[in-house]
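The questions below ask why certain labels apply to this model. Each reply sets a value against the cut-off behind the label.

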Amino acid sequence: MDKNSVFKTNVSFGLIWKFITLLFTYLTVPILLKYLGVEYYGVWVTIFTILNAAYFMDLGISLGVKNKLTTALAKDDLKAARVYISTGYFSIAFIAGIALVSGLCFILVFNMQNIFNTNISEAELKFTLVISVVLVAISIVLNIYKSLLHAFQKSSKVELAMAIYQGLIYLQILFLPKIIDQPLIIIGLLYGVSNILIALVFSVLFFKKNKQIIPSFIYFKKDTIKEILGLGVGFFIIQIALIIILTTDNIIITYLIGPEATASYSIVNKLFQPFIIISTFIFTPLWTLYTNAYCNKDFTWIRNTLTRLNQLYLVLIFLIILLFFNFDWVIKFWISEPLAYSDVLILGMTLFVLIKIYGDIYLTFLNGIGVIKLQMWLFVLAALINIPLSVLLVKYFNLGTSGVIFATCISLLILTITMPIQAYLILKNKK
């Protein structure tokens, strides 16, 4: 396999689909903000954040399957590949069932108005959450198709799926509000059903082309669960830590300040997200390519790839500084609604992007070769300090929403410093 050719193919095609995804995403936000209003939009952003976090609640099995499946395919072992896929599907289905019951119990027991700090009716909040949790539980199982495509070096197809999904969301939001007026419930249905539909279509297409590895209960192996979870549990702990670090911002702001502040924070954050999204898009196909290269002892390719990524990072620094100094003009062009934000928040977002992406350059390599123990403990440490630090900076240093993003920067900084050193030491004596 020519790894450079595979990477270029995935990036070139994937870049087209990623651009379309971003286009539909940014076209959707002003319409959604106008349709829902600031308070409803802030609540929806918080709900959406929680729902996205739920996709990581698979104990890291999907990531474990991706690494193990990539190794099996590198050895042309289709029987092992089918065992990994089958075991992965049935294990995640069991976990999703537990998560569904737990989520429904939480929604029924607790007062949602207090949690979301809003006057929106309790009935509307609960009904939206119940529908969303059910749809997300189904999606958690179906979304394993993304790991399969990555393992088969077809990451550009994952980007295609996301582009279709975001386009479908945009078209529905564009037309449905004109005939139906149940804001949160309708939006929850649109996002949930669309995700399931896309996952079903791409799963069917994948297994139609790869019938020899269609999941079957016959190939479900209990022993393989332990093998997958060997990496999976580590990945799961990292995912939980990332949820705490990256997805609790909106929840903290909603609870401490209010949903209106969440709306502003979320929209400002979205202008910086393309840098994170595009970098993730570049790193994603590299994950399994690193697995393949390390398995085949192609260390020269790994070193050259890391060097090129560092060169691209210099371009990123220039672009992010450009956005920093032109932020007011860009946001006025995008959002016509008045929006409250501070220069300190913009500075925090700028630092966050630079810190996170530089660390991810090396985290992708380490994840691909399964060396995750050190980063796991560092992520746990970062997660433990993130929320208390956010509360401290918001309440006692009066930094408002800026305090939340600065807490995230501080939490991630130790990883950004440590991961390049670990990667260097691993590759130092490899030839």
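Q: Why is Lys297 called exposed?
A: This is a predicted model, and in it Lys297 has a relative accessible area of 61%. Exposed means over 50%, so Lys297 counts as exposed.

Q: Where does Lys297 lie, and what is notable about its phi?
A: Lys297 sits in the loop between H11 and helix H12 (299-325). Its phi is near 60°, a positive value in a residue other than glycine.

Q: What makes Asn398 exposed rather than buried?
A: The relative accessible area of Asn398 is 65%. The label exposed needs over 50%, and Asn398 therefore receives it. Asn398 also has a positive phi, about 55°, although it is not a glycine. Its place is the loop between helix H15 (373-396) and helix H16 (401-428).

Q: Why are H11 and H14 called roughly parallel?
A: The axes of helix H11 (residues 259-295) and helix H14 (residues 343-368) cross at roughly 10°. Angles under 35 degrees count as roughly parallel, so the term applies to H11 and H14. The two axes come within 8 Å.

Q: Which kinds of residues make up the contact of H11 with H14?
A: The contact of H11 with H14 holds 18 nonpolar, 7 polar and 2 charged residues.

Q: How do you know that Lys18 and Glu159 form a salt bridge?
A: Their closest N and O atoms are 2.9 Å apart. A salt bridge requires a side-chain nitrogen of Lys or Arg within 4 Å of a carboxyl oxygen of Asp or Glu, so the pair of Lys18 and Glu159 qualifies. In general, side chains of opposite charge can pair when their charged atoms come close.

Q: What makes the pair of Lys18 and Glu159 a link between distant parts of the chain?
A: Lys18 belongs to helix H1 (residues 3-54) and Glu159 to helix H7 (residues 155-175), with their positions 141 residues apart.

Q: Are Lys18 and Glu159 buried or exposed?
A: Buried means under 20% relative accessible area. Lys18 has 10% and therefore counts as buried. Glu159 has 9%, so the label buried holds for Glu159 as well.

Q: How many salt bridges does this rule give, and which others are there?
A: The count comes to 3. Lys126 and Glu122 meet at 3.4 Å, N to O, and Asp360 and Lys356 have their closest N and O atoms 2.6 Å apart. Set against the 4 Å limit, both distances therefore pass.

Q: What places Asp360 and Lys356 about one helical turn apart?
A: Asp360 and Lys356 are 4 residues apart in helix H14, which means a separation of about one turn. Both Asp360 and Lys356 are buried. Lys126 and Glu122 are likewise 4 residues apart, about one turn, in helix H5 (residues 122-142), and Lys126 and Glu122 are buried too.

Q: Why is Phe110 called partly exposed?
A: Phe110 has a relative accessible area of 43%. Buried needs under 20% and exposed over 50%, so Phe110 falls in between and is partly exposed. Phe110 is found in the loop between H3 and helix H4 (112-116).

Q: What makes up the nonpolar surface patch?
A: Phe106, Leu108, Val109, Phe110 and Ile115 form a patch of about 500 Å². Helix H3 (residues 78-109) gives the most to the patch, with 3 residues. Patch residues need over 30% relative accessible area, and Phe110 at 43% therefore meets that part of the rule.

Key: Residues numbered from 1 in each chain as written. Predicted model: local features only at pLDDT ≥ 70, side-chain atom pairs only at ≥ 80, totals over all residues. Heavy atoms only, no water. Axes fitted to C-alpha atoms, helices over the stretch in contact; angles between N-to-C directions. Helix = DSSP H or I, 4+ residues; strand = E, 2+ residues; numbered from the N terminus. Parallel < 35°, antiparallel > 145°, perpendicular 65-115°, else oblique. Nonpolar A, V, L, I, M, F, W, Y, C, P; charged D, E, K, R; others polar. Patch = residues over 30% accessible without salt bridge, like charges linked within 9 Å, V, L, I, M, F, W, Y side chains within 5 Å. Areas by Shrake-Rupley, 256 points an atom, 1.4 Å probe, with all protein chains shown as cover. Buried < 20%, exposed > 50% of the residue type's maximum accessible area, 1.4 Å probe, protein only.
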